[in-house]
Amino acid sequence: MGLTVLMNSGPWLAVPPPGYGGIENVVATLVPELRRLGVRVVLASVHSSALAVDELVSIFPDGQFAHLQRPYNQVSGIAQAHQHGVVRRLRERDDIDLVHDHLEAVGLATLAAMGPDAPPVLHTLHWDLAKHPELYGTIDGGDRVRVNGVSASQLARAPRRLREHSVGHVHLATPLATGADRRAPVRKGDHSVILGRVTPGKGQDVGARLAQRAGFPLILAGPVGPYHRPADLAAAGNEALQNPDVRFWYDEVAPHVDGELVRWIGTVAGRERDDLVATARATLFPLRWEEPGGTAVVESLALGTPVVATTRGCLPELIEHGRTGLLTGTEDDLADLVLAADLLDEAECRREAARRFTPAVMAQGYVELYDRVRQSALTPAGPTPST
Ligand code: UDP
């Protein structure tokens, strides 16, 4: 299609990510589809990124995720240094038709501040939009910078100023959804799983407490702060406690983790992750925040595992209660729903994923938004912002 897109993934993790990596997974899923459609992709990431692209822009040799939870005055230079490289690349050559930016706050602020000769920008909002009221309340991207959400519910909660810049939402996708409707069913075990960063919003403490009370086996998978393996966390000194997610783990989750009924296995990746989810009776999301996009939700459907969750954020958009999962507004009901999930049809979950959450569906959504953003930049009245 003759378009060159600079995809700014940020400096935190390589693309594809080694295990955990929400944004980097989105980029790794989207880019191959865009290139199949003829888009030339310049990726701004770290040097160790192995994703096939037309050009790689990097400042750091490797992902900087381990530094992310250090105090602001020690860590803020990382995102700035990366973005400095991105802006330099944009000024060096005039070949970029559009920047698709994923670098929270720093990406949006610097790209919006560039002059009218800079390319049009689509900034994808991946997170909780209550996080940066100062920036989101004042941002002015003119007609050149637009934002999109990863769900309608996320945008509905966005500050007004941000909504005025919005061109809509594109749901997250997973490569596991391609052909998911044609995969054979997998033999289920008796475990449930919570897959995600161990952090208060994801509610691992609620899941672990309910599993102990109701007596169902639960496996927690995902990093605790920068620690991917239980042995690494155990070996970390007191300094680790500066990290709020590490404190959450020790104070709220670990007391319910006995290593038998409830286990924490650290970060899982690749085949191990897919087998863990595919053999689970349910994937549990005892959410305490308004989940904006939920990659792990669509992955679960693609692997034929119903989702049991609190009715928060994007969950009602992704899951049909009674067909692909069970939703409740009451935390304490989750335990009963984990057991009831056995009655749902795993093939129905896989069919839904193949219909709605493939990389091809996501890429189509983004190509449409790229068109709208470029039109808006060319015709200053712009398209009517939508939510
Ligand atoms: N993930 C993983 N291994 C783990 C835990 C998580 O590969 O042990 C992946 C998970 O499969 C998903 C991503 O990390 O692709 C998390 O994305 P999600 O949107 O669910 O959560 P968030 O971006 O809020 O962390």
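## Contacts with the ligand

A polar side-chain atom of Asn-25 sits 3.1 Å from an oxygen atom of the ligand, which makes a good way into this predicted model. Lys-202 also reaches the ligand, with a polar side-chain atom 2.8 Å from one of its oxygen atoms. Thr-295 uses its backbone instead: an N or O atom there lies 3.0 Å from a ligand oxygen. The cut-off for a polar contact is a pair of N or O atoms within 3.5 Å; within protein, one must be able to donate a hydrogen and the other to accept it, and residues adjacent in sequence count only if both atoms are side-chain atoms.

On its own, the ligand has 540 Å² of accessible area, and the protein covers 95% of that (Shrake-Rupley method, 1.4 Å probe; for residues, only the protein chains shown count as cover).

## The shell around it

There are 18 residues around the ligand, and Tyr-20, Arg-197, Lys-202, Val-268 and Glu-299 come nearest (to be near, a residue needs a heavy atom within 4 Å). By type, the shell splits into 5 nonpolar, 9 polar and 4 charged residues. Here Ala, Val, Leu, Ile, Met, Phe, Trp, Tyr, Cys and Pro are nonpolar, Asp, Glu, Lys and Arg are charged, and the others, Gly among them, are polar.

Helix 11 (295-302) and helix 1 (22-36) are the elements giving two or more residues to the shell, and helix 11 gives the most, with 3 residues. Helices are DSSP runs (H or I, at least four residues), numbered from the N terminus. Domain 1 (4-173 + 358-378) and domain 2 (176-356) each supply at least three shell residues, with bounds from an automatic or database domain assignment.

## Cysteines

How many disulfides does the structure hold? It holds 0, a disulfide being a pair of cysteine sulfur atoms within 2.5 Å. For Cys-314, the closest cysteine sulfur belongs to Cys-349 and is 16 Å away, so it is too far for a bond. Cys-314 is buried at 0% relative accessible area, and Cys-349 is buried at 0% too (buried is under 20%, exposed over 50%, partly exposed in between; 1.4 Å probe, protein chains only).

## Out at Arg-36

Arg-36 belongs to helix 1 and is exposed, with a relative accessible area of 62%. Its C-alpha atom is 26 Å from that of Arg-144, 108 residues away along the chain.

## About the numbers

Residues are numbered from 1 along each chain as its sequence is written, and side-chain values use heavy atoms, leaving out hydrogens and water. As the model is predicted, local features need pLDDT of at least 70 and side-chain atom pairs count only at pLDDT 80 or more, while totals for chains, interfaces and linings use all residues.
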